[in-house]
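Welcome! Let us take a walk through this structure together, beginning with one small spot and then stepping back.

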Protein chains: 2
Amino acid sequence: MKERIGIGLMGLGVVAGQVVEVLKGKADVLARQVGCPVELVKVKVVEADLKRPRAKALGDLVTVDEDEFFETPGMDIVVEAIGGEKPALDYLKRAISSGRHVVTSNKEVVAKHTAELLALAKKNDVGLRCEAAVGGGIPLLSPFQYDLVANDIGGIYAIINGTTNYILTSMDIEGVEFEEALKQAQALGYAEADPENDIEGIDAAYKLSILASLAFKVEVKPQDIYREGISRLDSHDFRYARELGYAIKLLAIARQDNGSIEVRVHPAFVDESSFLAKVDGVYNAVLAEGDLVDKVMFSGQGAGPLPTSSAVVADVTAAARDIYLGVGNRGIWVLNPDKKVKPMEEVETRYYFRMNIADKSGVLAKVSTVFGQNDISISSAIQQETDDSTGTAEIVIMTHLAKEKAVRRALEGLKSLDVVNEVNNLIRVEIE
Amino acid sequence: MKERIGIGLMGLGVVAGQVVEVLKGKADVLARQVGCPVELVKVKVVEADLKRPRAKALGDLVTVDEDEFFETPGMDIVVEAIGGEKPALDYLKRAISSGRHVVTSNKEVVAKHTAELLALAKKNDVGLRCEAAVGGGIPLLSPFQYDLVANDIGGIYAIINGTTNYILTSMDIEGVEFEEALKQAQALGYAEADPENDIEGIDAAYKLSILASLAFKVEVKPQDIYREGISRLDSHDFRYARELGYAIKLLAIARQDNGSIEVRVHPAFVDESSFLAKVDGVYNAVLAEGDLVDKVMFSGQGAGPLPTSSAVVADVTAAARDIYLGVGNRGIWVLNPDKKVKPMEEVETRYYFRMNIADKSGVLAKVSTVFGQNDISISSAIQQETDDSTGTAEIVIMTHLAKEKAVRRALEGLKSLDVVNEVNNLIRVEIE
C-alpha cells in the first residue's frame with residue numbers, strides 16, 4: 001500500500017492556483033477518500049510566473065526546469081494545466097512515458113491527439129483523465145465512461161461554450177446586435193480580447209471532439225467537425241425565432257446513425273419549451289439521448305477557476321485511488337476504428353432561411369420552385385417587413401427535414417434568382 | 001485475470017427482466033468495457049414467477065431455491081431487484097457475506113440499512129452499488145462519489161418522485177384538484193392503486209436518505225426525514241403560487257449547516273424562473289450546490305424499466321471491472337458519525353400561509369400581531385376572494401426567513417384567533 005500519492009503540477013495560472021488551494025485546503029477529505037495523503041511534490045512554472053505571489057508561496061516546490069520537474073521522486077500523478085497544444089503535448093507524453101497517471105484540463109491537446117495519448121497511456125498502464133476539459137465542474141465525461149455505458153448513445157446536444165451562450169442570451173433578451181453583445185461580454189470578462197476561439201465555435205469543437213470520442217468510441221479530430229460561429233446572427237433572426245417558438249443557441253451536436261457519426265457546431269433553433277432553450281448566460285448543458293435512459297441532461301457553470309478545479313481534483317482523486325488500489329490503465333476509453341465521421345453534406349435536419357427579396361408578385365413562387373427542384377419541402381413561410389423605399393421585403397422559410405447537400409444546392413439556386421437580393425441567414429433547426 | 005464474471009440475479013419483475021435483456025443484447029459491448037465476458041449464471045425467482053414467459057425463456061438458469069442460488073459456482077456479483085425491506089435485506093447480507101459484490105435497485109432496503117450494509121461490504125471487501133435506487137438512469141449517486149468529491153456540498157434540492165411531479169404538473173397546468181389529478185395518473189399507470197408511498201413522500205424520503213448519506217457522509221435514516229405529502233395542496237395554492245411567481249414542487253431537500261444536516265421532503269414554492277420549476281411531468285431532477293462547482297443539475301426520467309436497467313447494468317459493469325482489476329471494496333462511501341441530523345424545529349426557511357378569515361376590519365392587524373409576537377417578519381400579504389354569503393375572505397401571507405419552531409407557534413396562535421376560521425395551508429418557499 002502506498003503511504004503517500006505525489007502530485008506534480010504543470011502551470012500556475014488561475015486554474016492551477018485554485019487546484020493548489022484545494023489540494024491543501026481539503027487535504028484531509030482527499031486523504032480519506034483515497035486511503036492515504038495526496039501531496040503536491042513539484043510545480044513546473046515558466047520564468048514569468050516566478051514573480052507571482054502564488055509561486056513565491058510555494059517556495060522550493062517551484063521549478064522552471066523541465067528535467068528537474070520530471071525527475072522529482074515520488075511523483076505519481078502529473079496535472080497539466082498549461083493549456084494549448086505545445087508544449088503541453090510533449091509534457092503529457094513525457095509524463096505518461098515515465099509511468100505517471102495524467103490529469104489535464106486542456107481540451108485542445110486532448111481533442112487534437114486523442115488516439116495518440118490514449119494509446120500511450122494504455123502502453124504505459126496509466127490513466128488519462130480530462131474531465132475539466134469539458135464543461136468545467138459539471139460531470140460530463142464520467143457519465144459516458146461509467147453511468148451510461150449500457151446505452152447506445154443516439155445523440156448529444158450541448159451548449160458548451162459559456163461566452164457564446166452569454167452573448168446569445170444578451171442578443172435575445174436585450175435585443176442588442178452581436179457586436180454590442182460581444183463588447184458587453186468582453187467588458188464583463190466573459191469574452192477575451194481576441195474572441196475568435198469562442199465565437200467561431202473552435203472551443204466548442206474541441207470539447208465536442210472529446211465528448212463524441214467518449215460517447216461513440218470513435219476518434220473525432222477537431223478538423224472533422226463542421227463549424228459555424230455566431231457572428232452572422234442578427235436581431236432579425238432572434239425576432240423570427242421567438243415568433244416561431246424557438247430560442248437560438250450555439251449547439252455542439254454529435255449523433256450516431258448506422259455506425260456513422262455526425263459532428264457539428266453551429267447556431268441552431270431550439271424549441272423554446274425545451275430544457276436547452278432555458279440554459280441562459282454563461283451556463284453550460286449537455287443533453288444526451290440513450291436507448292435505455294432516453295434523455296438525460298447535465299448542466300451547470302462550464303468554466304471558471306473554482307468549477308474547473310473541482311473537476312481537476314476529482315480526477316486527481318480518482319487517479320490517486322487507482323494508484324492506491326494498484327490499478328493502472330482502466331481501458332474504458334477505447335476507440336473503434338470501424339466508425340466513420342459522416343460528411344456534412346449527408347447530414348439531415350430542418351432549416352430556417354431568411355432572405356431579402358424584391359417585393360413583387362410571383363417572387364414566392366420562384367423561391368418555392370428552387371426548394372421544390374431540390375426536393376426540399378417547405379413547412380412554413382413568413383413574409384413581412386416590406387420596405388417601401390427600396391421595394392424589398394424579408395421572407396423566412398422553414399423547411400421539413402432536408403439533406404445539407406440539397407440545401408446547399410438550393411442556396412446557390414436562390415442566390416442566382418434575380419428576385420432574391422440576399423440570403424441573409426440559414427440556421428438549422430435541431431431540438432423540437 | 002478472470003476469464004468470465006458471473007452474475008446472479010434476484011427477482012424477475014419488469015426491471016430484472018430488462019436487465020436480462022441488456023446483459024444478453026449488449027454482451028459484446030459490456031465484455032469490451034470490462035475486459036472479459038459478463039454472464040448471467042443464476043436467477044432466483046419466487047414460485048409465482050415460474051409461469052412467466054421470461055422465466056421459461058431462462059430455462060435452467062432459474063431457481064426458486066435460495067441455497068441453490070447462493071451456492072452457484074462462479075457467481076461474482078449478485079443483483080438484487082426484488083424491492084422492499086424483506087427478504088431483500090437478508091439476501092443482500094448473504095450475498096455480501098459470501099464475498100459477492102452487490103448491485104441493488106432497492107431504495108427502501110439501502111435507505112433503512114445504509115450503515116449496516118456498508119460495514120458488511122467493507123468487512124467482506126466487496127462493493128455495494130445502488131445507482132438505480134435513485135432517479136432511474138440519471139447518474140445521481142456517482143457524481144457524489146466521484147465527480148464532486150472535492151466539494152463541500154451545501155445543499156441538494158431534488159424532484160425525485162415522478163408520480164407526484166406528474167400530479168403537481170397536472171394540477172398546475174390543467175387547474176384540476178388533487179383527487180382528479182391522482183385518478184388521471186393512476187389511469188396512465190404513473191401512480192399505483194395504493195398511491196401512499198408516492199404521494200406521502202415516503203419514496204422520496206428513501207431516495208433522499210441515500211443521496212444525503214453520500215453527499216454528506218452521514219447516516220440519514222428515513223425516519224429522521226421530516227415528511228409532508230402533496231394531498232393537502234389545492235387549486236388555490238397553485239393560483240397564488242403563479243401570481244407570486246412560483247411553481248409548486250415536491251422537493252426532497254438536504255442541506256448542510258455547520259456540520260448539522262437538515263433533511264426534509266415536502267411541497268415547496270420554487271421560483272418559476274428556476275430550473276427546478278421547469279421540470280415537468282414524470283421527469284426527475286437533482287440540483288446540487290458545492291463550494292467549487294456552485295450549482296450543477298442532473299435531470300431525466302427517474303423511473304421505468306429501461307432507465308432503471310441502464311443504471312443497474314452500469315453498476316454491474318463497474319463491479320465487474322473492479323473484480324477484473326482485483327479491486328474489492330473501494331471504501332469511498334464512508335459515514336462520519338460526528339455529523340448530526342438537525343431537528344426540524346431548527347430549520348429556517350420562508351413560508352406561505354393561506355387562511356380563511358372573517359372579512360371585517362382589524363383582522364389583518366390581529367393576524368400580523370401573531371406573526372410579530374413570534375418574531376416572524378411578513379414580506380407580503382394578499383387578501384382577495386371575499387365571500388359575501390359567509391362574510392369570510394382568504395388571505396395569503398408570505399414571510400421572510402423564519403424558524404420552523406416559531407412558525408409552529410404562530411400557527412397555534414393563528415388557530416386560536418376567533419377571526420381565523422381555518423389555516424388552509426402552509427407551504428415552504430425554497431428556491432428563489
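**From one helix to the pair**

Start at Gly189(B), which follows helix α10(B) and has a positive phi, near 80°. Keep in mind as you look around that this is a predicted model.

Now step back into the helix itself. Which residues of α10 in chain B are buried? The helix covers residues 178-187, and its buried residues are Phe178(B), Ala181(B), Leu182(B) and Ala185(B). Looking down the axis of α10(B), you would find these buried residues within an arc of 100°, so they line one face of the helix. A general rule helps here: an α-helix has 3.6 residues a turn, so residues three or four places apart point the same way.

What lies over that buried side? The cover for the buried residues of α10(B) includes two helices of chain B, α9 (162-174) and α11 (196-199). On the face turned away from the buried side, α10(B) carries the exposed residues Glu179(B), Lys183(B) and Ala187(B).

Next, let us bring in the other chain. A turn of 180° with a shift of 0.0 Å along the axis lays chain B on chain A, with an RMSD of 0.0 Å. That is the relation of a two-fold axis. To find the axis from chain B, look for Phe298(B): of that chain's residues, its C-alpha comes closest to the rotation axis, at 2.3 Å. As for how the copies meet, 100% of the interface residues of chain B are also interface residues in chain A, so the copies meet through the same surface.

Finally, a word on confidence. Chain A averages a pLDDT of 95, and 100% of the residues score at least 70. The model scores ipTM 0.93 and pTM 0.94.

Key. Residues numbered from 1 in each chain as written. Chains lettered and ligands numbered in written order. Predicted model: local features only at pLDDT ≥ 70, side-chain atom pairs only at ≥ 80, totals over all residues. Heavy atoms only, no water. Least-squares fit on C-alpha atoms with pLDDT ≥ 70 in both. Contact = heavy atoms within 4.5 Å. Buried < 20%, exposed > 50% of the residue type's maximum accessible area, 1.4 Å probe, protein only. Helix = DSSP H or I, 4+ residues; strand = E, 2+ residues; numbered from the N terminus. Arc of directions from axis to C-beta. pLDDT = per-residue confidence, 0-100.
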